[in-house]
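Here is a set of short exercises to work through with a protein structure open beside you. Try each task yourself before you read its solution.

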Amino acid sequence: MRLSRYLIPTLRDAPSDADNVSAKLMQRAGLIRKVAAGLYDWLPVGLRVVKKVEKIVREEMDRIGGQEVWLPVVQPKELWEETGRWKIYGKELLRLKDRKNGEFCFAPTAEEVITDLVRREIRSWRQLPAMFYQFGLKFRDEIRPRFGVMRAREFLMKDAYSFHVDDADAGAYYEQVYQAYQKVFTRCGLRFKPVEAQSGAIGGSYSHEFMVLAETGEETVVACKACSYGANLERAECTAPAAQPQDAPAKLEEVHTPNMGSVAEVAKALDMSPVKFFKTQLYMADGVPLMALVRGDHELNEPKLARAAGAAMLDRCSETQYMGIAGCEVGFAGPVNLPRWKNPQGQMITVRIIADLALQGVANGVSGANRRDYHLKGINAGRDFQADAFADIRSATPADPCPRCGGAVEFTKGIEVGHTFKLGTKYSKAMNAAYLDAQQKSQIMVMGCYGIGVTRVVAAAIEQNHDDNGIKWPVALAPFTVVIIPVETDDAAVKEAAETLYKGLWDRGVETLLDDRAERPGVRFKDADLVGYPLRVVVSKKTLAEGEVEFKRRDGATPERIKLDAIEDRLFDWAQPVPAPPVAA
């Protein structure tokens, strides 16, 4: 391509509302333009990168037997009602009506549509397993779109769905997809880590996120330094602390704590460590009160709590609800002598209590007294209150050991680019996606679900690979691998050498951009660094006089001189991305 005829509208400064590195650089480098909140035009150079990611993903999905389909983005309400998600999904689901007043949604995901297709077309165990995937637009009406295409409302996603005769077959295929995802992100030239994760609104019993590691990542990754264990902060497991010698149980004592609602305030007033505190939070779990207790120096992890409680809906109680449940304001509730709660039907219900594992080792602790400006000292679980369950409901800390090997962990930042789920029969059972087994008995299919945010991969690659001058693309994702800059565009010898090299590289399959614009060299050098072409060649009268050109890698510091008659072969060698692995026999 010749840059004089190619649209790459670079900007000196990023728009004022660009709120992270990739959002700034993608707009400055001419990859995207903002249309509205969370909606973007993809310009030619940006779309080239998207297609690079798509190609790699398609090859790896085909390699494990995936079959590509194209599913509708506008989906009927009736299918979503079959699974119950029409009401559950919430305001992120964009709902539409057609001219006949039929109700639809713009797909944020496609479990219902693909399950409907499979239940109509697959009848026998002989047709299983089967995996179908697509590259499709998705729309999620984020309340606050941010970080450019990282958390846009409209985005391109590869979503795949597999169907199996049983859990064992689904588990074996899940491992194949897991390995395929590792190949995808390795071929993309990214540093990443698969981690255990929450399943969220998609559901299922088991899932992994694939995190691109970057200091600017919005999620925290907990990774063991000694073994392969990794999890996002929502999922990272915390083990029960080792048993410690305990003081003899003390008497309960009520203490006056005026205007002291936080652990820090009460701990200071009582001259006690926060590790002695039963920190309390009230929730409505599927409409029923739930008290969660964690140690005073720990933070409650709501996804873990929801899983421990078996709750589909978990909402923090308001000040009014605190008064109705505990008889006090926020900050003064506690598990001792907790009043029974009167439900809307007039029934008196005992409030359920779930305590974190770390509280099993706390003796003579402190918590709210269920009345304003008072706390209780000397609390002992079992004697003074009964927890319905002790469970892992807190967030991990850097001091926690690895739950697998006991080694030290480290916290890093990451960007989720892929997610794999074991769905089980959540959708197939609700929609009666069944097959006939070898004995001609009807059985429900077992499912898996596997997503990659294609446009998000582009942004994540930039977050991981950039400097003060611009983007530093991995070779596999670069819109063009080589940029050739003839310094004197009006000099016949310079022009001829640049054109010959340009054509030779394209003939050998190396995607090359010829910057033939009538701009100052400095402007063109800055644009080359901003857009991030991995390899740059400068042709000038000065270098040609010595039979050479100037070469510089985008990730290198110092230009070097290379003979003109050797540069094409060298560029061809350097331009090769991480190779695709061989197809299994």
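The exercises below start with the whole chain and then turn to helices, cysteines and loops.

**Exercise 1. The whole chain**

Task: Describe the chain by its secondary structure, its dimensions and its share of buried residues.

Solution:
- Step 1. Keep in mind that you are looking at a predicted model.
- Step 2. Count the elements: the chain has 15 helices and 33 strands.
- Step 3. Along the principal axes, the C-alpha atoms fill a box of roughly 95 × 65 × 50 Å.
- Step 4. Of the 585 residues, 50% count as buried.
- Step 5. Now look at contacts with a separation of 6 or more: residues 24 or more positions apart account for 70% of them.

**Exercise 2. Helix α1 against helix α11**

Task: Decide whether α1 and α11 are roughly parallel or roughly perpendicular to each other.

Solution:
- Step 1. Two packed helices are described by the angle between their axes and the distance between the axes.
- Step 2. Find α1 at residues 21-28 and α11 at residues 454-464; their axes come within 9 Å and cross at roughly 105°.
- Step 3. Angles of 65 to 115 degrees count as roughly perpendicular, and α1 and α11 are therefore roughly perpendicular to each other.
- Step 4. Name the partners: α1 brings Val-21, Ser-22, Leu-25 and Met-26, while α11 brings Val-458, Ala-459, Ile-462 and Glu-463.
- Step 5. Sorted by class, the residues of this contact are six nonpolar, one polar and one charged.

**Exercise 3. Two partners of helix α2**

Task: Work out how α2 is oriented towards α11 and towards α6.

Solution:
- Step 1. Take α11 to begin with: α2 (residues 44-63) packs against α11 at an angle of about 110°, with the axes 9 Å apart.
- Step 2. This angle makes α2 roughly perpendicular to α11.
- Step 3. The crossing of α2 with α11 is right-handed.
- Step 4. On the α2 side you find Val-49, Val-50, Val-53 and Glu-54, which meet Val-454, Thr-455, Val-457 and Val-458 in α11.
- Step 5. The contact of α2 with α11 has six nonpolar residues, one polar and one charged.
- Step 6. Now move to α6 (residues 167-187): its axis and that of α2 come within 9 Å and cross at roughly 155°.
- Step 7. Angles over 145 degrees count as roughly antiparallel, so α2 is roughly antiparallel to α6.
- Step 8. The residues in contact include Ile-56, Val-57 and Met-61 of α2, and Ala-180, Tyr-181 and Val-184 of α6.
- Step 9. By class, the contact of α2 with α6 has six nonpolar, no polar and five charged residues.

**Exercise 4. Looking for disulfides**

Task: Find out how many disulfides the structure has, then look at Cys-105 and Cys-317.

Solution:
- Step 1. Recall that a disulfide is a covalent bond between the sulfur atoms of two cysteines.
- Step 2. A search of the whole structure gives zero disulfides.
- Step 3. For Cys-105, the nearest cysteine sulfur belongs to Cys-449 and is 15 Å away; the cut-off for a disulfide is within 2.5 Å.
- Step 4. Cys-105 has 0% relative accessibility, so it counts as buried.
- Step 5. For Cys-317, the nearest cysteine sulfur is that of Cys-328, 11 Å away.
- Step 6. Cys-317 is buried as well, with a relative accessible area of 9%.

**Exercise 5. Residues in loops**

Task: Which of these words fits Asp-286, and which fits Asn-370: buried, partly exposed or exposed?

Solution:
- Step 1. Place Asp-286 in the loop between β14 (278-285) and β15 (288-295).
- Step 2. Asp-286 has a positive phi of about 50°, although it is not a glycine.
- Step 3. With a relative accessible area of 43%, Asp-286 is partly exposed.
- Step 4. Place Asn-370 in the loop between β20 and β21 (374-379).
- Step 5. Asn-370 is not a glycine, yet its phi is positive, about 60°.
- Step 6. Buried means under 20% relative accessible area, so Asn-370, at 9%, counts as buried.

Note on methods. Residues are numbered from 1 along each chain as its sequence is written. This is a predicted model: local features need pLDDT of at least 70, side-chain atom pairs count only at pLDDT 80 or more; totals for chains, interfaces and linings use all residues. Side-chain values use heavy atoms; hydrogens and water are left out. Axes are lines fitted to C-alpha atoms, for helices over the stretch in contact, and angles run from 0 to 180 degrees between N-to-C directions. Helices (H or I, at least four residues) and strands (E, at least two) are DSSP runs, numbered from the N terminus. Angles under 35 degrees count as roughly parallel, over 145 as roughly antiparallel, 65 to 115 as roughly perpendicular and the rest as oblique. Contact means heavy atoms within 4.5 Å. Ala, Val, Leu, Ile, Met, Phe, Trp, Tyr, Cys and Pro count as nonpolar, Asp, Glu, Lys and Arg as charged, and the others, Gly among them, as polar. A crossing is left-handed if the near helix is turned anticlockwise from the far one by less than a right angle, and right-handed if clockwise. Buried means under 20% relative accessible area, exposed over 50%, partly exposed in between (1.4 Å probe, protein chains only).
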